Amino acid sequence: MRTAYSVETVRAAEQRLMARVPEGALMQRAAAGLAVTSAQLLGRVYGSRVVLLVGSGDNGGDALYAGARLARRGAGVTAVLLAAERAHAGGLDALLRAGGRTVSAGDAEVALLRADLVLDGIVGIGGRGGLRPDAARLAGLASESRGIVVAVDLPSGVEADSGEVRGAAVRADVTVTFGTHKPGLLIDPAREYAGAVRLVDIGLGAELPDEPEVEALQHVDVARLLPLPGAGSDKYRRGVVGIAAGSGRYPGAAVLAVAGALRGGAGAVRYVGPASDAVIARFPEVLVSEGGPLKAGRVQAWVVGPGGGDDASVVADVVTADVPVLIDADGLRLADPDAVRGRGAPTLMTPHAGEAAALLGVSRGEVEGARLESVRELAGRYGATVLLKGATTLVADSGGGVVRVNSTGTGWLATAGSGDVLSGLAGSLLAAGLSAFDAGSVGAYLHGLAGRLAADGAPVGAHDVAEAVRVAWRDVRD
């Protein structure tokens with residue numbers, strides 16, 4: 001499990017640890033890890049050109065001490081001081097004694113453009129809003145440099161707790177973060193600025209609480225949650241999922257949702273809707289009902305909405321069911337909010353940013369710029385678990401607590417029908433007995449992995465993703 005903690009929590013943990021270790025020990029641990037990673041990225045330290053972008057906070061101190069270590073190994077190190085009078089005194093002294101030099105922000109252009117590696121220590125994890133003009137100029141020059149840009153703890157200009165980017169920010173190739181991940185390193189749009197993230201252990205583990213702000217499942221976590229059939233399993237023990245999807249205009253949505261459910265491990269699928277001929281032609285094992293959701297027979301979970309058109313009565317019937325329900329696509333638009341809030345059984349809503357914006361009454365840009373806040377707000381407002389789709393998928397429960405983030409996705413999943421596959425897949429996990437939180441998280445993980453496996457760098461369609469779910473399941477299980 002990859003975990004991330006808020007700035008407040010990290011700072012409190014650091015204070016407790018600093019009370020028990022020698023003064024400056026944490027900064028030296030951070031600087032040592034930063035220097036080691038920088039050396040690995042450079043390959044050959046001796047003779048390399050390293051530029052430090054140094055602000056007035058502890059991140060600037062980390063950069064200066066790391067620069068001193070690199071200078072002692074023969075690198076030519078130049079520190080660009082944004083506020084010379086407020087630079088970390090100990091770090092600056094160490095750099096100068098090691099043979100490093102300093103320049104002002106106004107004289108940094110030549111050094112930056114010739115650099116082999118740039119360390120971004122402008123702003124720490126407490127920074128809010130975009131970079132100020134002088135720092136923004138340096139960030140732009142760093143991006144134009146031929147050198148590798150390494151962020152110290154967090155790219156300057158991105159917000160650690162929310163993942164928001166409200167102005168100019170450093171775009172790093174690598175971020176070296178200390179003690180624990182910060183939410184912004186896992187959540188878009190900030191994640192895009194972080195590049196590859198490397199975690200340096202500085203001894204915070206025992207000081208951090210059990211529940212993080214954000215967590216990301218890994219293979220082993222997903223494998224533990226997968227509902228595998230046993231010797232005594234039958235189709236009901238494995239889970240029967242009902243799919244109310246598709247319309248005359250979008251029959252393929254029904255086919256793809258059913259495909260996701262079957263590949264996701266459902267013991268059986270019951271389908272209701274106008275696309276039954278298309279569904280049966282593709283999947284003869286599906287149980288088709290002509291009487292609507294209330295007469296479909298026994299199910300352990302429902303999926304409603306993909307390609308469903310404007311028939312609000314089907315959505316209303318499914319929402320009244322006393323089993324877990326996944327609401328997607330048109331179902332999100334047609335579902336009565338009060339009916340969703342009043343449900344006794346679990347509800348999983350799966351909007352993309354546009355649908356989330358409509359539900360919240362804001363612009364799509366506001367959702368995309370504040371994804372963590374948006375998913376929490378939706379979950380609380382609807383009393384449901386919400387899976388907010390995107391490059392990083394977020395899953396939040398209505399009661400608050402940890403938010404799960406999934407980054408297994410790929411840009412190739414941005415194709416028509418991909419979300420329908422995810423709906424069926426997550427619905428099958430609901431029917432198998434997983435909580436809405438786990439079903440959404442595991443479903444997103446498998447769906448993203450399937451997208452990568454299906455694409456392998458080449459264009460794919462949603463049907464390819466559905467077929468690859470089986471491979472993703474096997475890879476996680478094995």
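1. An open sheet of seven strands follows the order E4-E3-E2-E5-E6-E7-E8 and has parallel pairing, where two strands pair if DSSP finds at least two bridges between them, and where strands (E, at least two residues) and helices (H or I, at least four) are DSSP runs numbered from the N terminus. The edge strands, each of which pairs on one side only, are strand E4 (101-104) and strand E8 (196-200). From one strand to the next the twist averages 25 degrees, with angles running from 0 to 180 degrees between N-to-C directions and axes being lines fitted to C-alpha atoms, for helices over the stretch in contact.

2. This is a predicted model, in which local features need pLDDT of at least 70 and side-chain atom pairs count only at pLDDT 80 or more, while totals for chains, interfaces and linings use all residues. Residues are numbered from 1 along each chain as its sequence is written, and side-chain values use heavy atoms, with hydrogens and water left out.

3. Within the sheet of seven strands, strand E6 (residues 148-152) and strand E7 (residues 174-178) run parallel and are joined by three bridges. Val152 stands opposite Val176 in E7.

4. An open sheet of 11 strands has mixed pairing and the order E1-E9-E18-E17-E16-E15-E14-E13-E10-E11-E12. Its edge strands are strand E1 (2-4) and strand E12 (287-289), each pairing on one side only, and the twist averages 20 degrees from one strand to the next. E1 pairs with strand E9 (residues 214-216) in the antiparallel sense over three bridges, and the bridge partner of Thr3 in E9 is Glu215.

5. Helix H17 (residues 371-382) packs on this sheet, touching E9, strand E15 (347-349), strand E16 (385-388), strand E17 (393-396) and strand E18 (403-406), and its direction makes about 35 degrees with that of E17. Contact here means heavy atoms within 4.5 Å.

6. How do helix H10 and helix H20 pack, and at what angle? Helix H10 (residues 251-263) and helix H20 (residues 462-477) pack at an angle of about 5 degrees, with their axes 9 Å apart. H10 and H20 are therefore roughly parallel to each other, a term for angles under 35 degrees. The contact involves Leu256, Ala259 and Arg263 of H10, together with residues of H20 including Ala462, His463 and Trp473.

7. Arg171 lies over the face of Tyr193, at 4.0 Å from the ring centre; a charge sits over a ring if NZ of Lys or CZ of Arg is within 6 Å of the ring centre and within 35 degrees of the ring normal.

Conventions
Angles under 35 degrees count as roughly parallel, over 145 as roughly antiparallel, 65 to 115 as roughly perpendicular and the rest as oblique.
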